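Me: I have a model open and a few terms to sort out. Can we go through them one at a time?

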Amino acid sequence: MKFQELIGLAVFDVEEGKEIGKISDVMISEDWKIQALELEGKGFFSSSAKSVSWEDIMAYGEDAVMIRNQQAVRKTGADDIHYTYLLGKNKFKDLNVLTEDGILLGKVTDVYFDQEMGNTILGLEISDGFVSDLMEGRKWLPLTQDMSIGKNAIMVPPMSEERLEKTIHSVNG
C-alpha cells in the first residue's frame, strides 16, 4: 500500500460506528516507521494537529481506517512531528533523493509500506520528471539501513541507482 492511498480515507470509531474524520497526512519517525495518521481540521494558527497514533489503529483497508474509540484521537504538538509525507516543513513528498557520490535519482512521489508488516516503510517511489515517467514509468527504491533523511534530501548509498526498480503499479506493467 502507498501513502497516497491513505490520504483522504475516512477514519471510523468502531465502538460507535461514527466517522471521526479523514486522513490528511502521515507522520513518520526518524527510524522510517509510520508514527501516526494526521486528521483534517488543523486550525490556521494552531501549532498542533489532530492525529491517531499507529498503535491505536485496529484495522485499515482501501476504504477506511478503524480505531477503537474517539479517545484515540489526540493533539500532537508541532515539535513532536519529525517528518510528514505531504505537508509541513519536513515533508517527504518532492524531496530529492541523492546518492552519497552526488547522483540525483529523482524526487519522492510516494512511500510504500506493507499492510502485513504494520508501520514498516518498504521503499520510496521516485520520479525523474514528467517525460521520464511517461516514457519509462516511475521507479521505486527499496529501503535499506544506510538511507538517511536529511534537511533537503534523502541520502542513499552509492550504487543505489542499480537498485531502482519499475514501480509495482506501472502502466501496462
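Reply: Yes. Start with the rings. This is a predicted model, and a search of the whole structure finds eight aromatic pairs.

Me: Why is the pair of Y60 and F113 called tilted?

Reply: Check the distance, then the angle. The ring centres of Y60 and F113 are 5.9 Å apart. Rings pair if their centres lie within 6.5 Å, so Y60 and F113 count as a pair. Their planes meet at 40°. Stacked needs under 30 degrees, and edge-to-face needs over 60. The angle of 40° fits neither, so the pair is tilted.

Me: What makes this a link between distant parts of the chain?

Reply: Look at the positions. Y60 sits in strand β5, residues 57–60. F113 belongs to strand β10, residues 104–113. The two are 53 residues apart. Y60 and F113 are also both buried.

Me: Which residues do ring pairs link into a cluster?

Reply: The cluster holds F3, W54, Y60, Y85 and F113.

Me: Why is W32 called buried?

Reply: Its relative accessible area is 8%. Buried means under 20%, so W32 qualifies. W32 lies in the loop between β2 (18–28) and β3 (34–39).

Me: And why does M159 count as exposed?

Reply: M159 has 57% relative accessibility. Exposed means over 50%, so M159 passes that cut-off. M159 is in the loop between β14 (153–156) and β15 (165–166).

Me: What is notable about phi of W32 and phi of M159?

Reply: Start with the general rule. Most residues other than glycine have a negative phi. Phi of W32 is near 65°, a positive value. Phi of M159 is near 75°, also positive. Neither W32 nor M159 is glycine.

Me: Now the whole protein. How do you know that the radius of gyration agrees with a compact globule?

Reply: Set the value against the rule. With 173 residues, a compact globule would have a radius of gyration near 16 Å. The protein has 17 Å, so the value agrees. Its C-alpha atoms fill a box of roughly 50 × 35 × 30 Å along the principal axes.

Me: What share of the residues is buried?

Reply: Buried residues make up 43% of the 173. The protein exposes about 9,700 Å², with carbon and sulfur atoms supplying 52% of that area.

Me: How many helices and strands are there?

Reply: Two helices and 15 strands. Among contacts with a separation of 6 or more, 50% come from residues 24 or more positions apart.

Note on methods. Residues are numbered from 1 along each chain as its sequence is written. This is a predicted model: local features need pLDDT of at least 70, side-chain atom pairs count only at pLDDT 80 or more; totals for chains, interfaces and linings use all residues. Side-chain values use heavy atoms; hydrogens and water are left out. Helices (H or I, at least four residues) and strands (E, at least two) are DSSP runs, numbered from the N terminus. The radius of gyration is taken over C-alpha atoms; the globule rule is 2.2 Å times the number of residues to the power 0.38. Buried means under 20% relative accessible area, exposed over 50%, partly exposed in between (1.4 Å probe, protein chains only). Contact means heavy atoms within 4.5 Å. Accessible areas come from the Shrake-Rupley method with a 1.4 Å probe; for residues, only the protein chains shown count as cover. Rings of Phe, Tyr and Trp (its six-membered ring) pair if their centres lie within 6.5 Å; planes under 30 degrees apart count as stacked, over 60 as edge-to-face and the rest as tilted.
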